[in-house]
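Here's a walk through the structure shown below, from charged pairs to the nonpolar interior and a couple of odd backbone spots. Keep the viewer open as you read.

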Amino acid sequence: LAKMGVLIKGSAALERLASVDQFAFDKTGTLTAGRPELGALVPLGNVTPRDLLRVAAAAERHSEHLLGRLLVAAAHAENAVIPQIGEFEAQPGAGVTARVRVAALPADWITSLGLPVDRGADCRVIVGNRRLLEAHGVALDDFAHAKLAELDGSGQTPLLVAIERRIIGLIGVRDAVRSEARDVLSELRNA
């Protein structure tokens, strides 16, 4: 085992290993590649997947967080025009808020989202977890809760996107499973 880089602290630990029937892994970097990738885009209402990504990328434009940079890169890869933002605030462990000019948003959103008719006005965009949206007075309806559960159930980290007090969609982020993970887990089961 030492030749393979495995350190065993005493022979008793090795003897107890014979009775183990379950393993727990820290999956990031062990079973997965450790590089997040864009998962599901779940737009709500009359929002398109491209516009959902574009607005989320705008809010994340100045973010230093890995997931924020992923959204910006994904929007660039789609050749989406990312709106400029005004104020930006990172909420550590929760997400970001930013001010976006109403003129940068699709015109049909003004009425459906209750945005200011003045296209020169700004609106607040929030990208983050449920706790952040709730702190800003954004309520999730049953459909949004169901989609959130679906993303969670599929192993994706859900990012919720809202404008002012209305959720416009969810974005899933996942970590790719390493190619050898399935074989390693099979070997462990067989052993």
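## Charged pairs and their surroundings

R174 is partly exposed, with a relative accessible area of 35%; on this scale buried means under 20% relative accessible area, exposed means over 50%, and partly exposed is anything in between (1.4 Å probe, protein chains only). Before going further, note that this is a predicted model, where local features need pLDDT of at least 70, side-chain atom pairs count only at pLDDT 80 or more, and totals for chains, interfaces and linings use all residues. Residues are numbered from 1 along each chain as its sequence is written, and side-chain values use heavy atoms, with hydrogens and water left out.

Back to R174: what does this residue pair with in a salt bridge? The partner is E37, and the closest N and O atoms of the two are 3.1 Å apart. A salt bridge here is a side-chain nitrogen of Lys or Arg within 4 Å of a carboxyl oxygen of Asp or Glu. This one ties together distant parts of the chain, with E37 in strand β1 (residues 32-43) and R174 in strand β6, 137 residues apart. Helices (H or I, at least four residues) and strands (E, at least two) are DSSP runs, numbered from the N terminus. E37 counts as partly exposed too, at 31% relative accessibility.

The whole structure has five salt bridges, and three of them are listed here.

| Pair | Closest N and O atoms |
|---|---|
| E37 and R174 | 3.1 Å |
| R101 and D122 | 3.4 Å |
| E150 and K147 | 3.5 Å |

R101 and D122 also link distant parts of the chain: R101 sits in strand β3 and D122 in strand β4, 21 residues apart. R101 is partly exposed at 43% relative accessibility, and D122 is partly exposed at 29%. The E150 and K147 pair is a local affair: because they are three residues apart in helix α6 (residues 142-153), about one helical turn separates them.

Strand β6 (residues 166-177) also holds D175. Is D175 buried or exposed? At 18% relative accessibility, D175 counts as buried. A polar atom of the D175 side chain lies 3.2 Å from the backbone nitrogen of R35.

## The nonpolar inside

In soluble globular proteins, nonpolar side chains tend to be buried together. Here the largest nonpolar core has 36 residues, and those with the most contacts inside it are V55, L105, W109, V127, V161, I163 and I168. A nonpolar core is a set of buried Ala, Val, Leu, Ile, Met, Phe, Trp, Tyr and Cys residues joined through side-chain atoms within 4.5 Å. Elements giving two or more residues to this core are α2 (49-60), α3 (66-77), β3 (95-101), α4 (109-113), β4 (122-128), β5 (157-163) and β6. Which element gives the most? That's α2, with seven residues.

For a close-up, pick V55: leaving aside residues up to four places away in sequence, V55 touches L105, W109, V125, V161, I163 and I168. Contact means heavy atoms within 4.5 Å. Apart from the largest core lies another core, of 15 residues, among them V42, L133, L140 and A162.

## The nonpolar outside

Some nonpolar side chains face outward: L1, M4, V6, I8, L14, L17, V20, F23, F25, V184 and L188 make a nonpolar surface patch of about 950 Å². Patch residues have over 30% relative accessible area and no salt bridge, with nonpolar side chains (Val, Leu, Ile, Met, Phe, Trp, Tyr) joined within 5 Å and like charges within 9 Å. Helices α1 (11-17) and α7 (181-190) each supply at least two residues of the patch. L188, in helix α7, is partly exposed, with a relative accessible area of 32%.

## Loops worth a look

V117 is in the loop between α4 and β4 and is exposed, at 70% relative accessible area.

N79 has a positive phi of about 55 degrees although it is not a glycine. N79 lies in the loop between α3 and β2 (85-91) and is exposed, with a relative accessible area of 64%. E164 is another non-glycine residue with a positive phi, near 50 degrees. E164 sits in the loop between β5 and β6 and is partly exposed, at 22% relative accessible area.

Conventions
Accessible areas come from the Shrake-Rupley method with a 1.4 Å probe; for residues, only the protein chains shown count as cover. A polar contact is a pair of N or O atoms within 3.5 Å; within protein, one must be able to donate a hydrogen and the other to accept it, and residues adjacent in sequence count only if both atoms are side-chain atoms.
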